[in-house]
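The following exercises ask for a systematic reading of a structural model. Each task is followed by a solution that proceeds in steps.

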Amino acid sequence: MDWTALALSVRLGLLTVVLLVPLAFLLARTLAYGRFRGRGFVEALVALPLILPPTVLGYYLLVAFGRASPLGQAFEALLGRPLVFSFEGLLLASLLVNLPFAVQPMQNALAAIPPNLRDAARCCGLSPASAMRRVELPLALPGIATAAVLTFAHTLGEFGVVLMVGGSIPGETRTIAIAIYDRVQAFDESAAGLMALVLLALSVATLGVTNTLSRRMASRN
Amino acid sequence: MAAGLLHVRLRQSAPFPLAVEFTAPPGSVTALFGPSGSGKTTVLRVIAGLHRPAEALVSCGADRWTDTQSGTFLPAHRRPLGFVFQDYALFPHLTVREQLALALGHRPASGRAERVAALLALARLEDLAGRRPAALSGGEQQRVALARALARDPAVLLLDEPFAAVDWALRESLRRELMALQRSLSLTVVLVTHDFEDVAKLASHLVILERGAVAAAGSVPDLTGRNAVPGVAGWREPAVALDARVVCHDSARQLTRLAAHGLQLDVPSVPAGVGATVRIQIGAREVILASRRPEGLSLHNVLEARVVAVESGGQDALRLVHLAAGDVRLLSLVTADAVRTLGLTPGAPVLALVKAVAVDAFA
């Protein structure tokens, strides 16, 4: 059992959730309420990771993060080490790959808020920012919870992109999914089986918690 | 509550054509009346700053809220107005107390709890303060929506079909409560409705909208009681509303005599003092026409009138007869056959037998 890999996966998942959910909320809100040219294009872009093969996505990220790219060079100039095959690179990739999992549930939840409620918030004297905080945010909470859980669970399971941009450096980029693959390659069936079981249990537990939470929220509203 | 004349003027060609202008004096109740799709709600949304038409001027007293000419636009949340939405638009995640507190952002934090308590008492919601909207009845939700709108200390109160979602029995009492509040706070109210009952019972001024334009505007008694209201033949229940004066009470017979523009009407006792003004409403179905004076009737009011016009009603076999009685315009819904047999042509004399008169002591 590779505890380092599990810890790394959990850390990656939590960081992705913490960083991505607030940003994705703002993006989801723009997509749900904004009327601007190119909205359809942005929506398609957000959904792209859903349909793009992870290896293809990983390949492009590898190129974009590479030492020849402006992003890679800037990172290296700043921190003195390359972005590819680093935890930061993995995190950045994770943020991009999870965009649809974070944006879409929140966008749906925000779009489902009756327009009258948002009008009522304005007529109650709430500025757009406080209307977002006191009306939209609480009403979209089930969607936000779903976004967080999907993002976390998806990060734990992501394989192709991680392999492409992160490789399998223990403690740095070897996630639990990669570790399972490693163990299978090494014919270490028992370790692979144990880790797979842990991941399965974790996924089931996450889903259970979400279901309970969303049911509670539904009954509260 | 800074009262001032509310002046509204707007014009747009898209998404649907709309050209409306009217003023509402401080402390008045103006009804925007018309069939659905006539643009009533959009007018309210323009006043509230929730919709920006191509061309608009919305001013309240000396304050300009919207002026597309000078580019003035006060955002909705800075306008001192209360909006009661048709479906109430209560926040499902907040208790009654929290809904009211949310709308008190313009007051200093120290006085808010006290104000919430006062509003709860005003709308008789003390016992429901801890409940969420899902646990409230339709009438209770309406009171919460009204209290929340009043929490803004509004210069103008906007009501969008406020009684459409409650049943008939409740409607009466909610109207009464609303009028009492409007009186005591001398609120300027703009009310959107397609129910003439609301107009007759609540409004002092009337703006009739048809396909995005003002078909007629004026005071309710002048407009409906003394003129031909455009589109009246298409109403579900055509009626006129008038302001009448209490002349005397006959306690032995339990009757009250009312006078309005040269017309005298005896109605069941009205709880209003002699000299008081009451709003009366006479439905077209309550007026029977006769060519000779009948005898032995249970009704009290037989009025001499003259036919002004005959319109086809909403139903094929019915005609809406416009009558002049004194200075008052009455409506009578009769069959096309009756029009023929009684010879009801413009100018013909006729007797109008008024069965029932709805009286409200509000006016």
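The exercises below concern a predicted model and treat its chains, domains and strands in turn.

**Exercise 1. Describe the secondary structure, extent and burial of chain A.**

Solution. Begin with the secondary structure: chain A has twelve helices and zero strands. Read from the N terminus, its elements therefore form the run α-α-α-α-α-α-α-α-α-α-α-α under the DSSP assignment. Next, take the extent along the principal axes, where the C-alpha atoms of chain A fill a box of roughly 65 × 40 × 30 Å. Then turn to burial, for which a residue needs 20 or more other C-beta atoms within 10 Å of its own. Of the 221 residues in chain A, 38% are buried. Finally, consider contacts in chain A with a separation of 6 or more: 73% of them involve residues 24 or more positions apart.

**Exercise 2. State how chain B is divided into domains, and characterise the side of domain 1 that touches domain 2.**

Solution. First, fix the bounds: domain 1 of chain B covers 6-231, and domain 2 covers 239-360. The C-alpha centres of these two domains of chain B lie 32 Å apart. Second, count the residues in contact, which are eleven from domain 1 of chain B and 13 from domain 2 of chain B. Third, assign the domain 1 side to elements: α6 (196-202) and α7 (220-226) of chain B each supply at least two residues. The most comes from α7(B), with five residues. Fourth, sort this side of domain 1 by class, which gives six nonpolar, three polar and two charged residues.

**Exercise 3. Determine how many residues each chain gives to the contact between chain A and chain B, and classify those of chain B.**

Solution. The contact takes 15 residues from chain A and 18 residues from chain B. On the side of chain B that touches chain A, eleven residues are nonpolar, four are polar and three are charged.

**Exercise 4. Give the strand order of the five-stranded open sheet in chain B, and examine the pairing of β12 with β13.**

Solution. Start with the order, which is β14-β13-β12-β15-β21 in chain B, with antiparallel pairing. Next, identify the edges: β14 (263-268) and β21 (358-360) of chain B each pair on one side only. The twist from one strand to the next averages 40°. Now examine the requested pair, in which strand β12 (residues 239-250) of chain B is joined by five bridges to strand β13 (residues 255-260) of chain B, the two running antiparallel. As a specific position, R257(B) in β13(B) has C248(B) opposite.

Conventions:
Residues are numbered from 1 along each chain as its sequence is written. Chains are lettered from A and ligands numbered from 1 in the order in which they are written. This is a predicted model: local features need pLDDT of at least 70, side-chain atom pairs count only at pLDDT 80 or more; totals for chains, interfaces and linings use all residues. Helices (H or I, at least four residues) and strands (E, at least two) are DSSP runs, numbered from the N terminus. A residue is buried if 20 or more other C-beta atoms lie within 10 Å of its own, exposed if 12 or fewer, and partly exposed in between; C-beta atoms are placed from the backbone. Two residues are in contact if their C-beta atoms, placed from the backbone, lie within 7 Å. Domain bounds come from an automatic or database domain assignment. Ala, Val, Leu, Ile, Met, Phe, Trp, Tyr, Cys and Pro count as nonpolar, Asp, Glu, Lys and Arg as charged, and the others, Gly among them, as polar. Two strands pair if DSSP finds at least two bridges between them. Axes are lines fitted to C-alpha atoms, for helices over the stretch in contact, and angles run from 0 to 180 degrees between N-to-C directions.
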